[in-house]
Each structure stands twice: as structure tokens, then as C-alpha cells.
Amino acid sequence: MANRIAVALTALADPTRRAIFERVGAGPAAVGQIAAALPVSRPAVSQHLKVLKEAGLVTDTPEGTRRVYRLDPRGLGALREWLDGFWGDQLAAFRDFADGQENAR
Amino acid sequence: MTIAPIVQSVTVAVPPDRAFVLFTGSIGRWWKRGMTIGAKPHEDVVIEPFVGGRWFERDEDGAEVDWGRVLAWEPPGRVLLGWQIDAAFRPDPDLTTEVEVTFVPDGNGTSVTLTHRHLERFGESAERIAAQLGGGWPGLLQLFADLTMEDA
């Protein structure tokens with residue numbers, strides 16, 4: 001988890017890459033559409049998308065002669081892992097509290 | 001697309017009826033500080049004890065921030081809560097995932113099992129969330145980064 005989050009954080013630390021990620025988040029888009037919306041060349045957009053894809057943040061599918069990028073639903077796996085730790089912490093806090101109540105009797 | 005639910009269990013030393021009361025009625029006393037979503041730290045967390053009841057935090061500034069609703073209220077064995085918080089930890093009345101907590105006798109104590117399910121609904125609304133927040137992911141990652149800072 002820590003590694004995946006670190007990779008994703010690093011990928012999104014770059015402002016241009018973050019802008020590209022947000023554009024993909026607004027709706028599926030091809031490289032040309034993304035490049036048209038931002039002051040970035042197509043080759044540079046392609047390079048940034050490659051990094052985002054390796055970080056598990058976007059996924060691409062071929063449609064005709066172009067590739068369309070979307071948010072990667074597997075990115076939700078990281079959310080799940082995060083929630084797993086969240087609830088683990090909360091239940092541990094509840095156990096400590098409940099057992100403390102028992103001992104205080 | 002479905003995502004496996006989160007299932008977590010702990011065993012506590014009190015019987016189920018007591019565990020149920022402490023979990024639901026005293027949630028504001030054991031919920032970890034900093035793990036809430038309002039602008040200010042929470043003063044209390046409230047689960048109203050009936051179906052349709054509100055689940056919310058009351059913050060130090062008096063603000064009440066909704067977390068969701070009570071979907072089933074079956075003391076001492078089970079409570080089902082609607083979690084109306086999105087992937088970026090913001091209230092979202094249009095999104096409900098479920099948090100079920102069961103209380104089963106275990107020796108002199110209770111086995112408490114929490115299940116957070118229908119997580120794929122985060123995905124169904126991911127694009128909407130992303131559009132609203134400039135990306136649900138950055139919000140989540142920022143939250144994680146903040147928590148990491150607190151731990152450090």
C-alpha cells in the first residue's frame with residue numbers, strides 16, 4: 001500500500017501530469033483531445049499518460065486508430081486497502097474503549 | 001465491476017448487549033480523533049437509535065456533518081449503517097455504501113464484525129466525484145498524506 005500510494009503521489013506531484021489526470025477524470029479522452037485542452041505537446045502528453053498508467057491511475061483502450069484514456073477502476077483497490085486500515089484502527093479503538101469500560105466496573 | 005467488501009473483526013470483553021450500546025451509543029467516545037470529515041475536530045459522533053436515524057459528527061464549532069443513515073437497528077445483534085461519504089471523504093447523499101456491524105457472543109465477551117460493502121459504488125460515481133473535486137484520487141491521497149504527517 002505504502003509503495004502504491006508513494007508511486008501515485010509521485011506521479012501526481014507534477015502539475016502538468018496532475019492537469020492531465022484531472023482532464024481524464026472529467027471524462028474519457030484521447031491523447032489529441034488532452035493535448036488540445038492543455039499547453040502541452042502530444043508527445044509530452046503521451047509520456048505523462050504512460051507514467052499515470054504505470055502508477056495505476058489511468059487505463060487505456062484502443063478505439064479505432066487512437067487510444068482512449070479513463071480513470072483506472074483498479075485504483076479503487078488502493079481505496080479499499082486504505083479503508084481496510086481505517087476500519088482496523090477504529091475497531092481497535094473500540095476494543096480498547098469497551099475493555100476499559102469492563103475493567104472500570 | 002464488484003470489489004470485495006472489507007471485513008474486520010475484534011473480540012471485546014463485554015457481552016453483546018453491552019458491546020452494542022457502547023459501539024452505537026458511545027461512538028463519540030471511542031472514534032479516533034482526526035478521523036472525521038468536518039472542518040473542526042469532532043466533539044461527538046451520534047447514531048440515532050432507530051431506522052432512518054441520522055449518523056453524524058458534531059464538531060467543536062457546533063457544526064453537524066452527516067455521515068449517513070441507520071438502515072437497520074436490531075439490538076443487540078446487528079446494526080446496518082448507510083455510509084454516505086465519497087471516496088474523497090466528503091458527504092454525498094447520492095452515494096450510499098453499507099457498514100454492517102454484528103455482535104456475536106464469544107465466551108464471556110463478544111465478537112464484533114464490521115463489513116463495509118458495495119465499494120464498487122465508489123467507482124460508479126468516480127467520474128462524477130473526479131469532476132466535482134478535480135479528481136477523487138488527489139483528495140484521497142492528500143488525506144493519506146495528512147494522516148501520515150500526523151503519525152510522524
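Two strands pair if DSSP finds at least two bridges between them, and helices (H or I, at least four residues) and strands (E, at least two) are DSSP runs, numbered from the N terminus. The exercises concern a predicted model, in which local features need pLDDT of at least 70, side-chain atom pairs count only at pLDDT 80 or more, and totals for chains, interfaces and linings use all residues. Residues are numbered from 1 along each chain as its sequence is written, while chains are lettered from A and ligands numbered from 1 in the order in which they are written.

**Exercise 1. Describe the open sheet of chain A, and state which residue is the bridge partner of Ala30(A) in S3(A).**

Start with the elements: chain A has 5 helices and 3 strands, and along the sequence these follow the pattern α-α-β-α-α-β-β-α. Next, place the strands in the open sheet, where the order is S1-S3-S2 with antiparallel pairing. The edge strands, each of which pairs on one side only, are strand S1 (29–30) and strand S2 (58–63) of chain A. S1(A) pairs with strand S3 (residues 66–71) of chain A in the antiparallel sense, over 2 bridges, and the partner of Ala30(A) in S3(A) is Val68(A).

**Exercise 2. Determine which helices pack on this sheet, and where the buried residues of H2(A) lie.**

Two residues are in contact if their C-beta atoms, placed from the backbone, lie within 7 Å; axes are lines fitted to C-alpha atoms, for helices over the stretch in contact, and angles run from 0 to 180 degrees between N-to-C directions. Helix H2 (residues 15–25) of chain A packs on the sheet and touches S1, S2 and S3 of chain A, its direction making about 90 degrees with that of S3(A). Helix H4 (residues 42–54) of chain A also packs on the sheet, touching S2 and S3 of chain A, with a direction at about 120 degrees to that of S2(A).

For the second part, a residue is buried if 20 or more other C-beta atoms lie within 10 Å of its own, exposed if 12 or fewer, and partly exposed in between, with C-beta atoms placed from the backbone. In H2(A), the buried residues are Arg17(A), Ile20(A), Phe21(A), Val24(A) and Gly25(A). Seen down the axis of H2(A), these fall within an arc of 145 degrees (taken from the directions from the helix axis to the C-beta atoms), so they line one face of the helix. Just after H2(A), Gly27(A) takes a positive phi of about 155 degrees.

**Exercise 3. Decide whether Arg42(A) is buried or exposed, and identify its contacts.**

First locate Arg42(A), which belongs to helix H4 of chain A. Because 12 other C-beta atoms lie within 10 Å, Arg42(A) is exposed. Not counting residues up to four places away in sequence, Arg42(A) touches Val31(A), Gly32(A) and Ala35(A); the C-alpha atoms of Arg42(A) and Val31(A), 11 residues apart along the chain, are separated by 6.6 Å.

**Exercise 4. Establish which elements build the largest nonpolar core.**

A nonpolar core is a set of buried Ala, Val, Leu, Ile, Met, Phe, Trp, Tyr and Cys residues joined through C-beta atoms within 7 Å. The largest has 23 residues, and those with the most contacts inside it include Phe94(A), Ala98(A), Val12(B) and Phe23(B). Two or more residues come from each of helix H5 (75–103) of chain A and, in chain B, strand S1 (6–12), helix H1 (16–25), strand S3 (54–59), strand S5 (78–83), strand S6 (97–106) and strand S7 (109–117). H1(B) gives the largest share, 4 residues. Phe94(A) touches Val10(B), Phe23(B) and Trp30(B), residues up to four places away in sequence being left out.

**Exercise 5. Trace the pairing of S5, S6 and S7 in chain B, and say where the model calls for caution.**

S5(B) and S6(B) run antiparallel and are joined by 6 bridges, with Val101(B) in S6(B) as the bridge partner of Val79(B). S6(B) and S7(B) pair in the antiparallel sense over 9 bridges, and in their hairpin, which has 2 residues between the strands, Gly107(B) takes a positive phi near 65 degrees.

As to confidence, pLDDT is the predictor's confidence in each residue, from 0 to 100. Chain B averages a pLDDT of 82, and 76% of the residues score at least 70, but pLDDT stays under 50 over residues 129–152 of chain B. Where pLDDT is low, the predicted coordinates should not be read in detail.
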